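Q: I am a first-year student, and I would like a close look at one part of this structure, followed by a view of what surrounds it.

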Amino acid sequence: MSAATATLPTRIRPQAGRFTRIWRRRSTAAVLMCLPLILLLLLLVVYPAAYAIYLAMLNKRMTAFVGMGNFVFLLKRATFHLVIFQSCLFAVSAVIAKASIGFTLAHLMHVIPPNRQRLLRGLLLIPWVVPLALSTLGWWWLFDPSYSAFNWILDGIGVPQVAWLGNTGWARFSMILVNTWYGSPFFMIMYLAALKSVPHELFEAAAIDGASAWQKLRFVTLPMMRNIISITVLFSLIVTFADFTIVRILTAGGPQDTTHIFATYAFEVGIQSGDIPLGAAVSLFMLPILAVASFFILRGVMRRNREMAAG
Amino acid sequence: MKPRRLTSLSRQRRWALRGSYAALAVFVVLFLVPPFHMFVTSLKTSAEISGQAANPWLVQHPTLRNYIELLANEHYRGFFLNSIKITVVVVAVSMAISILAAFSLARMRFWGSGVLAAGVFLTYLVPDSLLFIPFFQIVGKLGLINNTWGMLIVYPTLAVPFCTWIMIGYFSSIPKELDEAALIDGASWLQILFKIFIPVAMPGIIAAAIFAFTVSWGQFIYPLAYLYSADQMVLTVGIISELIRADVFEWGKIMAGSLMAAAPPVIIYAFLMDYYVSGLTAGATKG
């Protein structure tokens, strides 16, 4: 097939030279067109990733090879145990919150006729559209120790003020709150797209059979959306787990290094304190969970593509 | 029996509709609290902000002074200009790389093309916070630390994989008959790409370009780690460093500066919402 189509054009244009003929060969042209992408992936993703592993095995001055020394050192430190705990707590609770709110929003939105969804959908997506580094500044100001506008409301209703970022527990809550605010619209959009692809007749049939709202959700919606739900959740898990912006701006890891997650701790150790190898080791701890989640996402996406190709 | 059930169904539906509108309105209000508060603060003078007695959710003497002073501030204008120039170049470079690659991967299967497509998707999942430390060394060796153009090396790694991935999806949905006919007529691959694929897949290209724009405009960790002097900074990091001097927080200006910095993506979104949404969902529903 490819040989036939490759010789065809040359016959039509007999004046074509040797270079043109090679260029017209399907595979040569294909590889040339992919070359920038291949170079980018090799030089700017694969190489830095491998380099990070190499860096993580050097000493602080990068003069000697220490093997797994940095990783062992980290695992022995109480601060780093907190980092691991805090990263998992942050990612898991934020993803659960985002998925629940996004799912609720998508369901509420699905009741409304599609031609009247635009304005509401547009307004609900604003948290996702504003660059996170900028909107987090707005949140930071809302959490300000002396001028917090939230505390003004609490005062008004007679509830004691909250040290939003000054107390470890509340600081963790605040970060999860900001991340949930930012990420829920994404879940809403993904679920809404999935809901729209569920054939309407299924709901009609369930309604006529007298299914309750819960039964419709449990036996029609969830099975139809299972794949897209798992893709979205895993994807969000990766992004939330690797978050940097929110924690960096709100607390920079404080109070007393109790709210660091992997990325902010790696930044503090590697860039601010200048221990590049240790910083590289910190961020490499993210790799296992990222790899596992990525594997399942890729599997889910491929399966969905096959289903869509078959259907 | 039958008519009663139908009316109860439609009544049920009407209540569900009202309930949905009400609940969604509550969510809209909650979601817009932070931007609203930013806006209110941006209209206040420092004196009004520090006068603690007044309601922080309202503004007594609205003024545009924060905006005007920022626009007159040479550094702030510099951040804006740096953000624009790096974003424009990154979008152009990323789109060029991903359109070419996606065309090749969608149409001209070659040895290893399946693996490459999966690899593209996997690199999309590699977060910036995993690679910023090795890149610090690499950018440093290239002598591009504290240089806005150094961002040109790192930003495309975030934009290109996803853009390529969704462009593969858009290109694959174009009927094969179209390019086979053109091929028989003697068109070259590049002609097919420019005369057929790019015009037909324009919505996908716009969606991918919006994604590249958003990523590049809002990037935070790389400029925070690599840029440290005011003339090289971009908006996301410049606002904090310029407007916070020791313990003096100019909150009115920080909010005004953030809102102006957020304006370009929000404006693009307001006009191209459908492309934006299709780009958002394309990663999982297309490709």
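Q: In which loop of chain A is the place of A:Pro255? Please take that part slowly, and then go on to the rest.

A: The model is a predicted one, and this should be kept in mind throughout. A:Pro255 has its place in the loop of chain A that runs between helix H13 (245-250) and helix H14 (262-272). The peptide bond that leads from A:Gly254 into A:Pro255 is cis, and its omega is near -10°.

A:Gln256 also lies in the loop between H13 and H14 of chain A, and its backbone deserves a careful look as well. The phi of A:Gln256 is near 50°, which is a positive value in a residue other than glycine. As for its surroundings, A:Gln256 has a relative accessibility of 73% and therefore counts as exposed, since the term exposed applies to values over 50%.

Another loop of chain A can be set beside this one. A:Met62 is found in the loop between helix H3 (26-55) and helix H4 (69-75), and its phi, near 60°, is again a positive value in a residue other than glycine. The relative accessible area of A:Met62 is 32%, so this residue is described as partly exposed.

The domain assignment of chain A gives domain 1 as 2-55 and domain 2 as 69-310. Between the C-alpha centres of domain 1 and domain 2 of chain A there is a distance of 39 Å.

For a residue placed in a helix, one can turn to A:Asn151, which lies in helix H9 (residues 149-156) of chain A. The relative accessibility of A:Asn151 is 3%, and therefore it counts as buried, the cut-off for that term being under 20%. If residues up to four places away in sequence are left out of the count, A:Asn151 touches A:Gln161, A:Val162 and A:Trp164.

Stepping back to the whole of chain A, its secondary structure comes to 16 helices and 0 strands. A compact globule of 311 residues would have a radius of gyration near 19 Å, whereas the value for chain A is 26 Å. The C-alpha trace of chain A spans about 85 × 75 × 30 Å along its principal axes, and 52% of its 311 residues are buried. When contacts in chain A are limited to residues at least 6 apart in sequence, 68% of them join residues at least 24 apart. The area that chain A exposes is about 14,300 Å², and carbon and sulfur atoms supply 67% of that area. Chain A carries 25 positive and 10 negative charges, and the mean positions of these two sets are 19 Å apart.

Chain B can be described along similar lines, beginning with its 15 helices and 2 strands. Its radius of gyration is 25 Å, well over the 19 Å that the globule rule gives for 287 residues, so chain B is more spread out than a compact globule. Along its principal axes, the C-alpha trace of chain B spans about 80 × 75 × 30 Å, and 54% of its 287 residues count as buried. Of the contacts in chain B with a separation of 6 or more, 74% are between residues 24 or more positions apart. Chain B exposes about 12,500 Å², of which carbon and sulfur atoms supply 68%. Its side chains include 19 positive and 13 negative ones, and the centres of the two sets lie 18 Å apart.

Definitions and conventions:
Residues are numbered from 1 along each chain as its sequence is written. Chains are lettered from A and ligands numbered from 1 in the order in which they are written. This is a predicted model: local features need pLDDT of at least 70, side-chain atom pairs count only at pLDDT 80 or more; totals for chains, interfaces and linings use all residues. Side-chain values use heavy atoms; hydrogens and water are left out. Helices (H or I, at least four residues) and strands (E, at least two) are DSSP runs, numbered from the N terminus. The radius of gyration is taken over C-alpha atoms; the globule rule is 2.2 Å times the number of residues to the power 0.38. Buried means under 20% relative accessible area, exposed over 50%, partly exposed in between (1.4 Å probe, protein chains only). Contact means heavy atoms within 4.5 Å. Accessible areas come from the Shrake-Rupley method with a 1.4 Å probe; for residues, only the protein chains shown count as cover. Lys and Arg count as positive and Asp and Glu as negative; His and the chain ends are not counted. The place of a charge is taken as NZ of Lys, CZ of Arg, CG of Asp or CD of Glu. Domain bounds come from an automatic or database domain assignment.
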